[in-house]
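Student: Please take a close look at the interior of this protein. I would like one connected account, with the overall arrangement first and the individual residues after it.

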Amino acid sequence: YSLVIINIDEAFPLYCISRNTGLGGLQENEIGKILSASGVIFAIGQYKTYTIICDQFGIYGSLDLGAALGILPVALFPLASLVYTNANKRWSMVYLALLSGVTKVFQSAFFSSITVATNRTVPAEMRSRMNALGSIGAGPSKAFGPLFVGIWMAFCLSLHTQDDSNDKSLPIGSLLAWFGIALVSGLSMFAVLKSLKERN
């Protein structure tokens with residue numbers, strides 16, 4: 001899941017700053033505002049959301065929801081181009097901030113639940129060793145994730161060469177980039193969750 005989150009976090013600013021996404025190339029300070037707003041949504045919503053979904057669906061239900069709602073909605077990022085205009089970027093920025101904030105809330109729920117679920121798979125005296133191995137495994141994903149997602153985003157965003165911000169058609173490159181990230185990440189995560197449930 002660390003690889004998935006790294007990929008999403010690295011792809012997002014590349015998507016926003018590109019002029020081939022239908023957003024006209026957002027400025028660095030505008031991207032910062034989007035990320036700050038999504039961070040506020042995350043800070044406000046994470047604990048209450050996790051408590052509610054754990055109470056309603058249990059640990060494994062919260063894993064499924066966290067994986068689904070923390071990953072799959074990123075495929076909707078390209079819809080921001082439908083409300084973008086040069087004169088008023090506000091609505092596209094609000095849309096991106098809300099969608100990013102919501103996905104981060106469910107990503108946090110997944111991390112919390114996976115920690116509890118994996119700790120249940122081993123005896124208490126082995127939990128520290130298992131968590132250490134998990135951290136070691138996350139290291140390479142954090143190292144190589146940006147490389148792979150950078151190449152992927154560069155390829156996909158180069159497919160759409162329309163630089164007219166008044167063109168309201170959905171840019172094919174952005175759709176392919178985010179749909180690919182959501183699909184591959186979602187399938188891999190649900191395969192891991194299935195394996196974890198079978199072991200328990």
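Tutor: Helices here are DSSP runs of H or I with at least four residues, strands are runs of E with at least two, and both are numbered from the N terminus. The model is a predicted one. On that basis the protein has five helices and zero strands, and the order of its elements from the N terminus is α-α-α-α-α.

Some totals come before the interior itself. Of the 200 residues, 42% count as buried, where buried means under 20% relative accessible area. The protein exposes about 10,400 Å², with carbon and sulfur atoms supplying 66% of that area. Among contacts with a separation of 6 or more, 78% are between residues 24 or more positions apart. In soluble globular proteins, nonpolar side chains tend to be buried together.

The largest nonpolar core in this model has 42 residues, and those with the most contacts inside it are Tyr15, Leu26, Phe77, Leu96, Phe110, Met153 and Trp178. At least two residues of this core come from each of H1, H2, H3 (90–119), H4 (127–157) and H5 (172–199). H2 gives the largest share, nine residues.

Methionine 153 shows how such a core residue is placed. Apart from neighbours within four places in sequence, methionine 153 is in contact with Ala11, Leu14 and Tyr15, and also with Ala177, Trp178 and Ile181. Tyr15 and Trp178 are, like Met153, on the list of residues with the most contacts inside the core.

Helix H1 covers residues 2–17; at 1.5 Å a residue its 16 residues should span 22 Å, and the 24 Å between its end C-alpha atoms agrees with this. The buried residues of H1 are Ser2, Val4, Ile5, Ile6, Asn7, Ile8, Ala11, Phe12, Tyr15 and Cys16. An α-helix has 3.6 residues a turn, so residues three or four places apart point the same way. Asparagine 7 belongs to H1 and counts as buried because its relative accessible area is 15%, below the 20% cut-off. Beyond residues up to four places away in sequence, asparagine 7 touches Gly145 and Val149.

Cysteine 16 has a relative accessible area of 0% and is therefore buried. Cysteine 156 is also at 0% and counts as buried. A search of the whole structure nevertheless finds zero disulfides.

H2, residues 28–71, offers two residues to set side by side. Leucine 35 lies in this helix, and at 39% relative accessibility it counts as partly exposed. The C-alpha atom of leucine 35 is 6.5 Å from that of alanine 97, although the two residues are 62 residues apart along the chain. Serine 62 is found in H2 too, but at 0% relative accessibility it counts as buried.

What does the side chain of serine 62 reach? It reaches the backbone oxygen of isoleucine 59 at 2.6 Å. The side chain of serine 62 also makes a polar contact with the side chain of serine 113, at 2.5 Å. Leaving out residues up to four places away in sequence, serine 62 touches Tyr50, Ile53, Cys54, Phe57 and Ser113. Serine 62 thus joins asparagine 7 as a buried residue described here, with relative accessibility of 0% for serine 62 and 15% for asparagine 7.

Key. Residues numbered from 1 in each chain as written. Predicted model: local features only at pLDDT ≥ 70, side-chain atom pairs only at ≥ 80, totals over all residues. Heavy atoms only, no water. Expected span 1.5 Å × (residues − 1). Buried < 20%, exposed > 50% of the residue type's maximum accessible area, 1.4 Å probe, protein only. Core = buried A, V, L, I, M, F, W, Y, C linked by side-chain atoms within 4.5 Å. Contact = heavy atoms within 4.5 Å. Areas by Shrake-Rupley, 256 points an atom, 1.4 Å probe, with all protein chains shown as cover. Disulfide = S-S within 2.5 Å. Polar contact = N/O pair within 3.5 Å; in protein donor to acceptor, adjacent residues only side chain to side chain.
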